[in-house]
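Please open the model in your viewer and keep the sequence panel beside it, since each stop on this tour begins with a selection. The stops come in an order that lets one selection lead to the next.

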Amino acid sequence: MAGPDDNAEMVVGRLKTRPQFLAVQKGERRKGPLFLLEVLDRREPLEGPRVGFTVTKRQGNAVERNRMRRRLKEAVRLKGAFAMQPGCDYVVVGRREVLGVSFAMLADELESRISKSPRTGRSRKASAPGR
């Protein structure tokens, strides 16, 4: 439950099951060079935000994928959690470029992408016939 001290340190839940990750795919996508951020507003403002992380096999071997995931988790813990909206789910899809940038740049990019205001219109690709 939300309380008066929640602004001091927001607790961010985790997305763990496949259906949770698939549900977030139906939300907004915020693309960038380091990672893709998928955002879904669950319309439950009293619940805390939840976040999930994924890195595909195409991005590298297990050691590299785990390193990418650890860097993204730490960036969310330090900076991203404060920008997350209550009642929203976030999925961070890591790209190989995460390994090549400084951690400060990664954390700043994550924070700015999370706090970016949602798009108001639908994309052309989503509204194209046959989709």
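## First stop: a glycine in a loop

Begin by selecting Gly60, which you will find in the loop between β4 and α2. This is a predicted model, and what you see at this residue, as at every later stop, is computed from its atoms. Is Gly60 buried or exposed? With a relative accessibility of 18%, Gly60 counts as buried, because the cut-off for that class is under 20% relative accessible area. Now add Arg96 to the selection: the two residues are 36 apart in sequence, while their C-alpha atoms are 7.3 Å apart in space. If residues up to four places away in sequence are not counted, Gly60 touches Arg65 and Arg96.

## The whole chain

Zoom out and switch to a cartoon, in which the chain shows four helices and five strands. Following the cartoon from the N terminus, you pass the elements in the order β-α-β-β-β-α-β-α-α. Of the 131 residues in the chain, 35% are buried. If you draw a surface, the chain exposes about 8,600 Å², of which carbon and sulfur atoms supply 52%. Among contacts with a separation of 6 or more, 80% are between residues 24 or more positions apart, and the next stops give individual cases of residues that are distant in sequence.

## From the first strand to the loop between β3 and β4

Select Gly13, which lies in strand β1, residues 13-14. At 26% relative accessibility, Gly13 counts as partly exposed. Which residues does Gly13 contact once its neighbours within four places in sequence are left aside? They are Pro49, Arg50 and Val51. For Val51, which is 38 residues away in sequence, the C-alpha to C-alpha distance from Gly13 is 6.3 Å.

From there, move the selection to Pro49, in the loop between β3 and β4. Pro49 has a relative accessible area of 1% and is buried. Add Tyr90, which is 41 residues from Pro49 along the chain, and the C-alpha atoms of the two turn out to be separated by 7.7 Å.

Stay in this loop, between β3 (35-41) and β4 (50-54), and select Arg43. Its phi is near 60 degrees, a positive value in a residue other than glycine. Most residues other than glycine have a negative phi. Arg43 is also exposed, at 68% relative accessibility, whereas Pro49 is buried.

## A buried glycine beside that loop

Next select Gly87, in the loop between α2 and β5. Gly87 has a relative accessible area of 0% and is therefore buried. Leaving aside neighbours within four places in sequence, show everything in contact with Gly87, and you should see Leu40, Asp41, Arg42, Arg43, Glu44, Glu47, Gly48 and Pro49. Arg43 and Pro49, both visited above, are among these contacts. A distance label between the C-alpha atoms of Gly87 and Asp41 should read 6.2 Å, although the two are 46 residues apart along the chain.

## Last stop: helix α3

Finally, select residues 103-115, which form helix α3. Its 13 residues should span 18 Å at 1.5 Å a residue, and the end C-alpha atoms are 18 Å apart, which agrees. Colour Leu106, Ala107, Leu110, Arg113 and Ile114, the buried residues of α3. Why do these residues line one face of the helix? Looking down the axis of α3, you see that the buried residues fall within an arc of 135 degrees, so they line one face. An α-helix has 3.6 residues a turn, so residues three or four places apart point the same way. To see what this face meets, show β2 (28-30), β3, α2 (62-83) and β5 (88-94), against which the buried residues of α3 pack.

Keep Arg113 selected and add Phe35: Arg113 lies over the face of Phe35, at 4.5 Å from the ring centre. A search for aromatic pairs in the structure returns zero.

Methods
Residues are numbered from 1 along each chain as its sequence is written. This is a predicted model: local features need pLDDT of at least 70, side-chain atom pairs count only at pLDDT 80 or more; totals for chains, interfaces and linings use all residues. Side-chain values use heavy atoms; hydrogens and water are left out. Helices (H or I, at least four residues) and strands (E, at least two) are DSSP runs, numbered from the N terminus. Buried means under 20% relative accessible area, exposed over 50%, partly exposed in between (1.4 Å probe, protein chains only). Contact means heavy atoms within 4.5 Å. Accessible areas come from the Shrake-Rupley method with a 1.4 Å probe; for residues, only the protein chains shown count as cover. The expected span of a helix is 1.5 Å times one less than its number of residues. The arc is that of the directions from the helix axis to the C-beta atoms. Rings of Phe, Tyr and Trp (its six-membered ring) pair if their centres lie within 6.5 Å; planes under 30 degrees apart count as stacked, over 60 as edge-to-face and the rest as tilted. A charge sits over a ring if NZ of Lys or CZ of Arg is within 6 Å of the ring centre and within 35 degrees of the ring normal.
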